[in-house]
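Visitor: I'm new to this one, and I'd like a close look at a single part of it. Could you walk me through that part slowly?

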Amino acid sequence: MSTTFNGVEPELLIEACDDFRFLTEELNGKKYHMVEGVFLQQELPNKNRRKYTKAVMEPEVNRYINEMIGKNRAVGELGHPDGPTINPERISHKIVSLIQDGNNYIGRARVSNSPFGKIVQNFLEEEIQFGVSSRGIGTLRRVNGIDMVQSDFRLATAADIVMDPSAPDAF
């Protein structure tokens, strides 16, 4: 991928959602904490005053599903780092599905037994409300006070665990 898009340097784009459920699932005799709900939204401005159109979001989500979820590489971190690269030491969960439902993408993630995953497990057990937030890179074009995300957008992760998400329905 080139470092510029139409002569513009891409920037780190972070968006968050907070409308999801906490579940426990048994798999091969082991119990796992699961998080399920809105991970991504399109066609509406978020708290960051950014808008992802269907034309931008849909092909990127399809790529992410095929290249990341489909190959068991889709993970997220606890908190948001300052860049798009996933730090293996900070992984807290594995994203296992992402399904479009109108302008929302409903995700499902299994909380890991990693050190950061154990912190998330504690949040769930203590009923501490948190959200999920996507992280990616791309360029923006300002239209009527809204930053429109451009077609060079690439997801690093569909969901990091955060305390203050930007997408309207990501808690």
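Visitor: Let's take M57: is it buried or exposed?

Guide: M57 is buried, with a relative accessible area of 2%. Keep in mind that this is a predicted model. Now let's build up the surroundings.

M57 has its place in helix 1. If you look for what M57 touches, leaving out residues up to four places away in sequence, you'll find L40, Q41, Q42, Y52, Y105 and F153. Take Y105 from that list: Y105 and M57 are 48 residues apart along the chain, and their C-alpha atoms are separated by 9.8 Å.

Two others on that list, Y52 and F153, are worth a stop of their own. They form an aromatic pair, with 5.0 Å from centre to centre and 65 degrees between the planes, which is edge-to-face. Y52 sits in the loop between strand 4 (50-51) and helix 1 (54-67), while F153 sits in the loop between strand 10 (146-149) and strand 11 (154-162), so this pair ties together parts that are 101 residues apart in sequence. Both Y52 and F153 are buried.

How many aromatic pairs turn up in a search of the whole structure? Two. Besides Y52 and F153, there are F123 and F130: their ring centres are 5.9 Å apart and their planes are at 50 degrees, so that pair is tilted. F123 is buried, and F130 is buried too.

Another ring has a charge for company. The charged end of R110 sits over the ring of Y32, at 5.1 Å from the ring's centre.

Back to helix 1, where M57 lives. E60 and R63 both belong to helix 1 as well, three residues apart, or about one turn of the helix. Their side chains meet in a salt bridge, 2.6 Å from N to O. The two partners sit in rather unlike settings: E60 counts as buried, at 3% relative accessibility, whereas R63 is partly exposed, with a relative accessible area of 22%.

Now for some salt bridges between strands. E77 forms one with R135, and the closest N and O atoms there are 3.3 Å apart. E77 lies in strand 5 (residues 75-77) and R135 in strand 8 (residues 131-138), so this pair ties together parts that are 58 residues apart in sequence. E77 counts as buried at 0% relative accessibility, and R135 is buried with a relative accessible area of 0%. R135 has a further partner in D160, where the closest N and O atoms are 2.7 Å apart. That bridge links distant parts of the chain, with R135 in strand 8 and D160 in strand 11, 25 residues apart. D160 counts as buried as well, at 0% relative accessibility. Elsewhere, salt bridges that share partners join E60, R63, E67 and R154 into one network. In total, the structure holds 10 salt bridges.

What about the nonpolar core? The largest one has 29 residues, and F39, L40, Y64, I95, L98 and F153 touch the most other members. Several elements give two or more residues to this core: strand 3 (30-41), helix 1, strand 6 (91-101), strand 7 (104-111), helix 2 (115-125) and strand 11. Two names in that core should ring a bell, since L40 and F153 are among the residues that M57 touches.

While we're here, look at strand 10, which comes before the loop that holds F153. Strand 9 (residues 140-143) pairs with strand 10 in the antiparallel sense, over four bridges. In that pairing, L140 stands opposite V149 of strand 10. The two strands form a hairpin with two residues between them, and N144 in the turn has a positive phi of about 50 degrees.

Finally, step back and take in the whole chain. There are two helices and 11 strands. Reading from the N terminus, the elements run β-β-β-β-α-β-β-β-α-β-β-β-β. Of the 171 residues in the chain, 46% are buried, and M57 is one of the buried ones. Among contacts in the chain with a separation of 6 or more, 67% are between residues 24 or more positions apart.

Key. Residues are numbered from 1 along each chain as its sequence is written. This is a predicted model: local features need pLDDT of at least 70, side-chain atom pairs count only at pLDDT 80 or more; totals for chains, interfaces and linings use all residues. Side-chain values use heavy atoms; hydrogens and water are left out. Rings of Phe, Tyr and Trp (its six-membered ring) pair if their centres lie within 6.5 Å; planes under 30 degrees apart count as stacked, over 60 as edge-to-face and the rest as tilted. Buried means under 20% relative accessible area, exposed over 50%, partly exposed in between (1.4 Å probe, protein chains only). A charge sits over a ring if NZ of Lys or CZ of Arg is within 6 Å of the ring centre and within 35 degrees of the ring normal. Two strands pair if DSSP finds at least two bridges between them. Contact means heavy atoms within 4.5 Å. A salt bridge is a side-chain nitrogen of Lys or Arg within 4 Å of a carboxyl oxygen of Asp or Glu. A nonpolar core is a set of buried Ala, Val, Leu, Ile, Met, Phe, Trp, Tyr and Cys residues joined through side-chain atoms within 4.5 Å.
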